[in-house]
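Reader: I should be grateful for a close look at one part of this structure, namely a place where two helices pack against each other. Please set it in the context of the chain to which it belongs.

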Amino acid sequence: MAQEKQILFERDELVRTVNRMAHEIIEQTASPSELVLIGIRSRGVHLARRLARKVEEVAKTAPPVGVIDVTPYRDDRAREQDPRAVGAFEIPVDVDEKTVVLIDDVIFRGRTIRAAMEAVARLGQAKRILVAALVDRGARELPIRADIVGKNIDAGAGRRVNVMLEESDGVDQITVSDW
Amino acid sequence: MSRRNLLSIADLTNDEIEEIFELADAAEKLRADKPAGGRIMATLFYEPSTRTRLSFESAMHRLGGSVISCSDMKSSSTAKGETVADTAKVVSSYADVLVVRHYWDGAVQAMAEHAGVPVINAGDGSHEHPSQTLCDLYTLKREKGRLKGLTVVICGDLKNGRTIHSLVYALARFGASVVTLAANGMELPQYVLERLEREYDYTLAPVATGDLKAVVTETDALYLTPKQPHQLALFTQLDPGLQTRLNTMVSGLRYDAFYMTRKQKERMKEGAAGNSYPTIGSEFLREQRFKNTVVMHPLPRVDELSPEVDQDRRGIYFKQAAYGVPVRMALLKFLFAQNEAKKAGAKKPATWFESPEPLGPQCANPNCITVTEPASARRKFDFLAGGPGGALILRCLYCDHRIKVQLVGHVKSKRYCAYDIALSDTIKNWFTNKELVIFDSIKAAEEIGYEPYKSGPQRNIMDQAAIENAVRDIARQILGDCEDPDRLLVLGIRSKGSYLAQRIAAELAAAQKRKIEIGEIEIYGSGDEIRRLSPADPEAGPLNLKDREIVLVDDVIYTGRTVKNALDIIFRSARPKSVRLAVLIDRGHREVPVKPNYVGKHIPSSERERVRVKLREAEHDEKDKVVIYSIISPVEQQARGLG
């Protein structure tokens with residue numbers, strides 16, 4: 001079977017885009033000191049760490065980085081009996097009165113972000129929650145938006161968008177391929 | 001009905017605690033007298049326990065009574081969805097005293113309110129564990145001969161440990177000094193410090209350098225000085241490098257006890273595994289200045305306390321566990337005697353705040369019983385005027401968490417405004433007259449028809465025809481996006497969203513020549529959150545959301561938090577195929593990443609403006625319209641006089 005694979009971003013472009021997103025995050029916040037970045041497992045975490053470094057470089061203040069695994073919150077996973085079975089935050093952060101930026105590699109149907117918002121609410125009362133995604137595929141199933149987007153890709157439901165990052169995949173690259 | 005329970009260590013006066021200790025000293029006599037003969041104790045443990053449960057059960061047997069219990073509350077009717085209130089009512093008729101442990105903060109208090117017999121709290125969430133505190137105090141007193149003037153170092157996880165919270169209150173009351181050495185990120189919660197300050201008359205002040213260089217550096221230490229009587233008490237909150245500090249505590253102060261705690265992993269929202277945690281081993285105790293320092297631990301231990309210490313005469317934690325039985329025997333005997341004599345309890349706030357409206361402030365603690373199971377505990381708050389900076393603070397009567405009041409309203413005039421210190425006398429009056437309403441959000445206030453105090457002139461931005469056009473247009477777009485009209489469900493957010501949902505559904509039904517199912521979702525209620533509006537057939541059963549194409553409808557979208565809450569409610573109940581959002585007005589200022597799919601009209605507005613949608617269904621003899629007006633800030637209001 002012929003595999004169609006198209007490279008959308010190479011390393012330089014990806015790095016430039018992440019840097020631009022960091023600037024947008026700073027712009028959208030009243031004060032960089034109230035920023036909190038939360039990376040969604042697993043590539044969202046690498047992105048969050050990169051964005052945090054860049055924010056620190058530009059704004060001279062390092063935002064705390066939280067790590068969240070939304071699997072227990074995902075609605076497409078079997079329900080736990082115990083409502084307290086949370087365990088979603090691998091690294092919790094203080095979110096009270098903070099501008100929280102949820103970071104993921106790809107935003108698509110919106111279900112991950114919804115689940116992440118619910119998890120953030122358990123940590124405290126955030127002043128604002130923003131979403132930053134390297135790729136926005138559109139085709140949302142929920143009324144959820146990405147505030148900061150690296151690139152919009154209308155790949156169609158039958159195609160797959162792969163974000164690869166050096167930290168986990170050894171290479172910075174975004175590709176679109178057939179399933 | 002003034003039944004004596006033990007829910008918090010504050011339920012007992014110091015004299016009563018001493019009385020219990022005297023009874024515990026004479027435990028052998030209690031064992032011979034069997035004062036609980038013919039009585040039954042029920043143990044309801046919703047969380048695992050070894051020591052607490054066994055020592056309570058052993059204590060009851062030794063007092064001549066008997067014990068019934070449920071081996072696993074999860075497999076009981078709780079699994080069928082019984083509320084804790086109902087469980088308490090039912091079990092009350094089987095037993096003479098209930099001993100309860102629950103994973104929700106305040107759940108045991110809620111059960112006590114519904115039970116017909118005394119209730120003992122054996123640990124509620126991260127809140128309190130008063131019988132453990134009695135054991136701790138008793139151990140200290142037996143080992144040291146007194147409590148007053150002792151210096152106790154409390155180490156480890158001070159945030160999640162419920163035993164710790166009860167213990168520090170009690171130590172403060174008995175005039176012991178407390179040094180807290182919290183593991184990083186596990187400091188005593190602010191509300192515990194505040195309660196110590198307010199109820200036990202301690203003042204928090206920064207430490208004078210020199211005094212305390214012994215223990216910590218200037219910045220991370222807090223002195224807690226009782227105003228009267230004059231005892232030294234000191235509090236420190238530590239940051240990293242904790243172990244070093246623990247190891248380098250210099251003489252100057254005498255330490256009577258180390259109270260070590262385990263990391264409360266089950267109460268953490270994370271794995272937080274890599275964090276440093278202080279440990280105590282025999283090496284540590286070799287130092288001269290600790291020669292009379294006893295080491296306590298509520299057990300179970302993990303690895304913070306080396307087994308080497310077991311051999312040391314100062315390691316008294318197994319003794320501490322052994323004292324659990326005589327102390328609990330004494331406690332049960334005390335409660336039975338008190339309830340026979342119908343003696344009133346130590347303290348109860350005479351007045352508390354309870355919202356006169358169905359909507360009111362919500363406790364900020366997501367694990368509080370008033371949040372997790374509102375049917376069992378109606379929200380009640382201690383009303384604390386004069387918080388920091390003149391803030392108005394509510395303290396949850398179930399879990400002690402605090403919320404700062406932002407918006408207040410007046411139940412008779414149906415008006416609201418932002419809380420401001422200048423209004424405090426007026427607010428106190430309202431509170432006394434039971435006319436005070438407190439809101440978490442403007443949305444909540446307006447949801448039940450409250451208008452802001454003093455508003456600027458209204459401007460019409462949509463008339464009836466414009467609204468009708470917008471509804472028709474939204475319906476057309478919904479049909480365009482809809483994959484399967486049979487699966488469509490129009491879900492209005494109560495109350496104006498529901499009216500609009502019905503109008504939109506009527507348009508859809510006309511265009512499709514078929515019935516469209518309509519539901520309503522209630523964000524601020526405490527009962528059924530989602531219900532069917534049509535077809536209004538009582539036989540139809542609950543609304544099914546699974547795999548539906550839901551169109552959520554609201555009148556105005558502003559911060560987006562209402563929609564976020566609606567999504568949470570929807571996803572708690574089922575997994576829909578999709579949720580799309582329709583609003584009549586989008587006025588901007590989003591605080592959460594929510595975006596409507598269908599918008600009747602975008603209205604750029606300032607945060608000081610209010611947009612109100614007026615609909616025939618809600619406002620009598622009025623035409624549909626949307627108006628916008630400015631509100632006037634509390635300071636201006638105050639200048640003009642309020643009321």
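Author: The following account treats the helix pair and then turns to a strand residue and a sheet.

The model is a predicted one. Chain B contains 19 helices and 27 strands. Of the 643 residues in chain B, 45% are buried. Among contacts in chain B with a separation of 6 or more, 72% join residues that are 24 or more positions apart.

Two packed helices are described by the angle between their axes and the distance between the axes. The pair chosen here consists of helix H3 of chain B, residues 51-62, and helix H12 of chain B, residues 324-340. Their axes come within 8 Å and cross at roughly 60°. Because of that angle, H3(B) is oblique to H12(B). The crossing of H3(B) and H12(B) is right-handed.

Which residues of H3(B) and H12(B) make the contact? From H3(B) come B:Arg51, B:Ser55, B:Phe56, B:Ser58, B:Ala59, B:Met60 and B:Arg62. H12(B) contributes B:Gly324, B:Val325, B:Arg328, B:Met329 and B:Leu332. Sorted by class, the contact of H3(B) with H12(B) comprises six nonpolar, three polar and three charged residues.

A strand of chain B offers a view of a single residue. B:Leu581 belongs to strand E24 of chain B, which spans residues 578-586. Is B:Leu581 buried or exposed? B:Leu581 is buried, because 25 other C-beta atoms lie within 10 Å, and the cut-off for a buried residue is 20 or more. Leaving aside residues up to four places away in sequence, B:Leu581 touches B:Leu552, B:Val563, B:Pro596 and B:Asn597, and also A:Pro143 of chain A. B:Leu581 and B:Ile557 are 24 residues apart in sequence, and their C-alpha atoms are 9.9 Å apart in space.

Chain A supplies the last element of this account. An open sheet of three strands in chain A has the order E1-E9-E8, and its pairing is antiparallel. The edge strands are E1 (5-9) and E8 (159-164) of chain A, each of which pairs on one side only. From one strand to the next, the twist averages 25°. E1(A) pairs with strand E9 of chain A, residues 173-178, in the antiparallel sense over four bridges. A:Phe9 has A:Ile174 in E9(A) as its bridge partner.

To return to the part requested, H3(B) and H12(B) form a right-handed crossing, with their axes within 8 Å of each other.

Methods: Residues numbered from 1 in each chain as written. Chains lettered and ligands numbered in written order. Predicted model: local features only at pLDDT ≥ 70, side-chain atom pairs only at ≥ 80, totals over all residues. Helix = DSSP H or I, 4+ residues; strand = E, 2+ residues; numbered from the N terminus. Buried ≥ 20, exposed ≤ 12 C-beta atoms within 10 Å, placed from the backbone. Contact = placed C-beta atoms within 7 Å. Axes fitted to C-alpha atoms, helices over the stretch in contact; angles between N-to-C directions. Parallel < 35°, antiparallel > 145°, perpendicular 65-115°, else oblique. Left-handed = near helix turned anticlockwise from the far one by under 90°. Nonpolar A, V, L, I, M, F, W, Y, C, P; charged D, E, K, R; others polar. Pairing = 2+ DSSP bridges.
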